[in-house]
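Colleague: Please take a close look at one part of this model. I would like the side chains and the backbone pairing treated together.

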Amino acid sequence: MSGMKIFIVLYHEIMGTPDDCRADEMLFYTFTSMKKALELIKKAMVDRWSWWEIQVQDVDSSEWPEHVGYYGRRGGKLAKPPYEKCVEIFKKERRT
């Protein structure tokens, strides 16, 4: 199937301890459309110190995937990863 695209959904979260935290990412899902990828993001229940990323790639391609965008926990598109905000939330939640 030449030209078939796959939408890759990456999950980003802050992990570790409040004094030694870092961002981690994991490939969570793959979809055949952007619509399906966003539907999953909107339904997923994830920690407050996390965000999503969507990439797109041609199936069977050896090229790097193309970055589509970063998305918040409810599916809204973000201008940039909310790293600092998520670190702040993580530290506050983990210290209490």
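Modeller: The sulfur of C21 is 11 Å from the closest cysteine sulfur, that of C86, which is too far for a bond; a disulfide needs two cysteine sulfur atoms within 2.5 Å. Seen from the other end, C86 is in no disulfide either, with the sulfur of C21 as its nearest cysteine sulfur at 11 Å. The search of the whole structure accordingly returns 0 disulfides. This is a predicted model, in which local features need pLDDT of at least 70 and side-chain atom pairs pLDDT 80 or more, while totals for chains, interfaces and linings use all residues. Residues are numbered from 1 along each chain as its sequence is written, and side-chain values use heavy atoms, without hydrogens or water.

C21 counts as buried, at 18% relative accessibility; buried means under 20% relative accessible area, exposed over 50%, and partly exposed in between, with a 1.4 Å probe and protein chains only. C86 also counts as buried, at 3% relative accessibility.

Next, the sheet. It is open, has 5 strands in the order 2-1-3-4-5, and its pairing is antiparallel. Strands (E, at least two residues) and helices (H or I, at least four) are DSSP runs numbered from the N terminus, and two strands pair if DSSP finds at least two bridges between them. The edges are strand 2 and strand 5 (77–78); each has a single partner strand, so one side of each is left without a neighbour in the sheet.

Strand 1 (residues 5–17) and strand 2 (residues 20–31) run antiparallel and are joined by 11 bridges. The connection between strand 1 and strand 2 is a hairpin through 2 residues. Across this pairing, M15 stands opposite R22 in strand 2. Strand 1 is also joined to strand 3, by 9 bridges and again antiparallel; here E13 has S50 in strand 3 as its bridge partner.

H12 lies in strand 1 and counts as buried, at 7% relative accessibility. From H12 to A79 the C-alpha to C-alpha distance is 15 Å, with their positions 67 residues apart in sequence.

The aromatic side chains come next. The whole structure holds 6 aromatic pairs, where rings of Phe, Tyr and Trp (its six-membered ring) pair if their centres lie within 6.5 Å, with planes under 30 degrees apart counted as stacked, over 60 as edge-to-face and the rest as tilted. In the pair of W49 and F90, the ring centres are 5.5 Å apart and the planes stand at 80°, so this pair is edge-to-face. W49 sits in the loop between helix 1 (34–43) and strand 3 (50–58), and F90 sits in helix 2 (residues 83–95), so the contact ties together parts that are 41 residues apart in sequence. Both partners are covered: W49 is buried at a relative accessible area of 8%, and F90 is buried at 1%.

Elsewhere, Y11, F28, Y29, F31 and W52 form one aromatic cluster. Among these residues, Y29 has its place in strand 2, one of the two strands at the edges of the sheet. Y29 is partly exposed, with a relative accessible area of 32%.
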